[in-house]
Amino acid sequence: MSEPVIDLARIRAVVFNTDGVVTDTARGHAAAWKHVFDAFLRGRSAPFDIRDDYLRHVDGRPRLDGIRTFLASRGITPPEGSADDEPGAPTVHGLGLAKDQTFMAQVDEYGVAAFPATVSLLHELRRRGARTAAVSASLHGRKLVNSAGVSHLFDVLIDGNDAALMNLPGMPDPALFLEAARRLNLPPAGVAVVDAALPGVEAGGKGSFGLVVGVVREGGTAGELRAHGAGVVVSDLGEIEVRGRVLPLTT
């Protein structure tokens, strides 16, 4: 088992997936999905399981992909609809809009918190010369990071709006992480990725990144994260030791 270490002799930057790693929003996302899916599933299938269904089919995926993947697991293929659908309409887009509406109402009422251990790790990485980036499949990723008061700790921030503009595929495809590495002007081998979602951890492995750190959150297991490609698994980023410091590139 690998030590929970980020060695800056070979890792020059760290890319964090925001949900469940930087911002404590995973429970809010899961609750919003349950609210929307249970209304849709009534009379069709068993209710949405806020732990297993969320982690296996929705967590870490773009919103519409999560809807398709979860409902396919129940043998349901709703019409796609369009972005003009009413929130809650029985279409992929309608369900996505309802989830978005429900989740953002929670954010507006309760705000967003950053994980203290992540904030401490970000400060330590930057103090030692490492660059940092945040990525999110959410269209509201940038707003959530700003609301948590940690946007100044990242050199690069990419969210679902950027992904849509660039037509980047969702995780487990590594495109979002690779775009962050590109904007940091570094090859993937010199970059670590940190994620709590199985598709994100899998994406880190597929992208040939120098280190993939999996974070166990409520309902998840270390074994699942390792099986999906995590080289290091922790339950809290406070367990990570940062060694060395990033030296300037020579020309």
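Student: How do you know what the lining of the largest pocket is made of, by class?

Tutor: Sort the residues: the lining of the largest pocket has 17 nonpolar, 10 polar and 9 charged residues. Glycine goes in with the polar ones here, because the nonpolar list leaves it out. Keep in mind that this is a predicted model.

Student: What makes this the largest pocket, and which residues are closest to its centre?

Tutor: Its volume is about 680 Å³. Of the 36 lining residues, the closest to the centre are Arg61, Pro62, Arg63, Ala137 and Ser138. They count as lining because each has an atom within 4 Å of a pocket point. Helices α1, α2, α3, α4 and α7 each give two or more residues to this lining, and α4 has the largest share, with 5 residues.

Student: And the second largest pocket, what is its volume and what lines it?

Tutor: That one holds about 330 Å³ of space. Its lining has 16 residues, and Ala26, Arg27, Tyr54, Arg217 and Glu218 are the closest to the centre. Both α1 and α2 supply at least two residues, with α1 giving the most, 3 residues. By class there are 8 nonpolar, 1 polar and 7 charged.

Student: On to the strands. Why is β6 called mostly covered?

Tutor: Buried means under 20% relative accessible area, and 5 of the 5 residues in β6 (211-215) come out as buried.

Student: How do you know which faces of β6 are covered?

Tutor: In a regular strand, side chains alternate between the two faces of the sheet. Here Leu211, Val213 and Val215 sit on one side, Val212 and Gly214 on the other, and all of them are buried. Both faces are therefore covered, given that buried means under 20%.

Student: What makes β5 and β6 a pair?

Tutor: Pairing takes at least two bridges. β5 (191-195) and β6 have 4, in the parallel sense, so they qualify under that cut-off. One of the bridges puts valine 193 with valine 212. The chain gets from β5 to β6 through helix α9 (198-206), in a right-handed β-α-β crossover.

Student: How do you know that β6 pairs with β7?

Tutor: Apply that cut-off of at least two bridges again: β6 and β7 (232-234) share 3, also parallel. Glycine 214 stands opposite valine 233 of β7.

Student: Why is the crossover from β6 to β7 called right-handed?

Tutor: The chain runs from β6 through helix α10 (222-227) to β7. With the strands pointing away from you, that path goes clockwise, so the crossover is right-handed.

Definitions and conventions: Residues numbered from 1 in each chain as written. Predicted model: local features only at pLDDT ≥ 70, side-chain atom pairs only at ≥ 80, totals over all residues. Heavy atoms only, no water. Buried < 20%, exposed > 50% of the residue type's maximum accessible area, 1.4 Å probe, protein only. 1 Å grid on protein atoms, 1.4 Å probe; cavity = no way out; pocket = protein on both sides within 12 Å on 5 of 7 lines; lining within 4 Å. Points joined across faces, edges and corners; volume = space filled by probe spheres on them.
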